[in-house]
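Biologist: Before the terms are applied, I should like each of them set against its definition. Shall we proceed in that manner?

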Amino acid sequence: INLMENFKNPYLSTSLTEFWRRWHISLSTWFRDYIYIPMGGNKVSAKKICFTILLVFLVSGLWHGAKYTFLVWALIHAVFLILEHFLKEKKENATNFFAISIKTLCVFIITTLAWVFFRSQNINEAVTVLTKLFSINSPNWEKIPMNLYELIFSFILIIILLSCEIIIKTLSILNSKKYYPVLWFLIIVCYLFGIFNYKQFIYFQF
């Protein structure tokens, strides 16, 4: 059985447009082929494009669940995609590592913060999480189960992983077996230092 590649290093994307070409490809291409393109795609007026993008993500949000949190998540992505569409820049040179890294980091931050709404039970919970996340004086900082050395170690591991991923993307060596030991090392570290008290996987509710 040959299955399509459904996730293609989405967090290495340098734009949200690219992110949605890499994330949940089977679902995003369905929305593209059956909603976005039939409504004119990029061949219509600017207002129609904005409306179509908003509609696509509205449907995507409701597909995940009839909750305001999913609609906010969809709105965040729609707004940034519309901005990208009207603020297109010339493509950066693929060898410009710094520019690629900055763009990748921006996409990662936007998508990660949007996931807070996606995963929260309600808007108030999402706002609480974001408030505590950016509140340095929050008492919850004292409850972080990690000391300074472990935090530094975690950042080093993140840098190693992202560096390897970006190098692989740049050199187009995704099938290189030399990369496997790095992944196994990081998996083992996650198992040793990870805290596995997460809730039930979100897609089990559908």
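Biologist: Where is the place of serine 15?

Modeller: Serine 15 is in the segment before α1 (16-22); helices are DSSP runs of H or I with at least four residues, strands are runs of E with at least two, and both are numbered from the N terminus. This is a predicted model, in which local features need pLDDT of at least 70, side-chain atom pairs count only at pLDDT 80 or more, and totals for chains, interfaces and linings use all residues. Residues are numbered from 1 along each chain as its sequence is written, and side-chain values use heavy atoms, with hydrogens and water left out.

Biologist: Why does serine 15 count as buried?

Modeller: Buried means under 20% relative accessible area, exposed means over 50%, and partly exposed lies in between (1.4 Å probe, protein chains only). Serine 15 has 19% relative accessibility and therefore counts as buried.

Biologist: What does serine 15 touch, not counting residues up to four places away in sequence?

Modeller: Serine 15 touches Glu84 and Val107, where contact means heavy atoms within 4.5 Å. The C-alpha atoms of serine 15 and isoleucine 100 are 9.9 Å apart in space, although the two are 85 residues apart in sequence.

Biologist: Why does asparagine 9 count as partly exposed, and why is histidine 24 called buried?

Modeller: Asparagine 9 has 29% relative accessibility, so it counts as partly exposed. Histidine 24 has a relative accessible area of 15% and is therefore buried. Asparagine 9 is in the segment before α1, whereas histidine 24 is in the loop between α1 and α2. Phi of asparagine 9 is near 45°, a positive value in a residue other than glycine; phi of histidine 24 is near 40°, also positive.

Biologist: Why are α2 and α3 called oblique to each other?

Modeller: Helix α2 (residues 25-36) and helix α3 (residues 46-64) pack at an angle of about 130°, with their axes 11 Å apart. Angles under 35 degrees count as roughly parallel, over 145 as roughly antiparallel, 65 to 115 as roughly perpendicular and the rest as oblique. The two helices are therefore oblique to each other.

Biologist: Which residues make the contact between α2 and α3?

Modeller: Leu27, Phe31, Ile35 and Tyr36 of α2 take part, and the α3 residues include Ile49, Ile53 and Trp63. By class, this contact has ten nonpolar, three polar and no charged residues; Ala, Val, Leu, Ile, Met, Phe, Trp, Tyr, Cys and Pro count as nonpolar, Asp, Glu, Lys and Arg as charged, and the others, Gly among them, as polar.

Terms used: Axes are lines fitted to C-alpha atoms, for helices over the stretch in contact, and angles run from 0 to 180 degrees between N-to-C directions.
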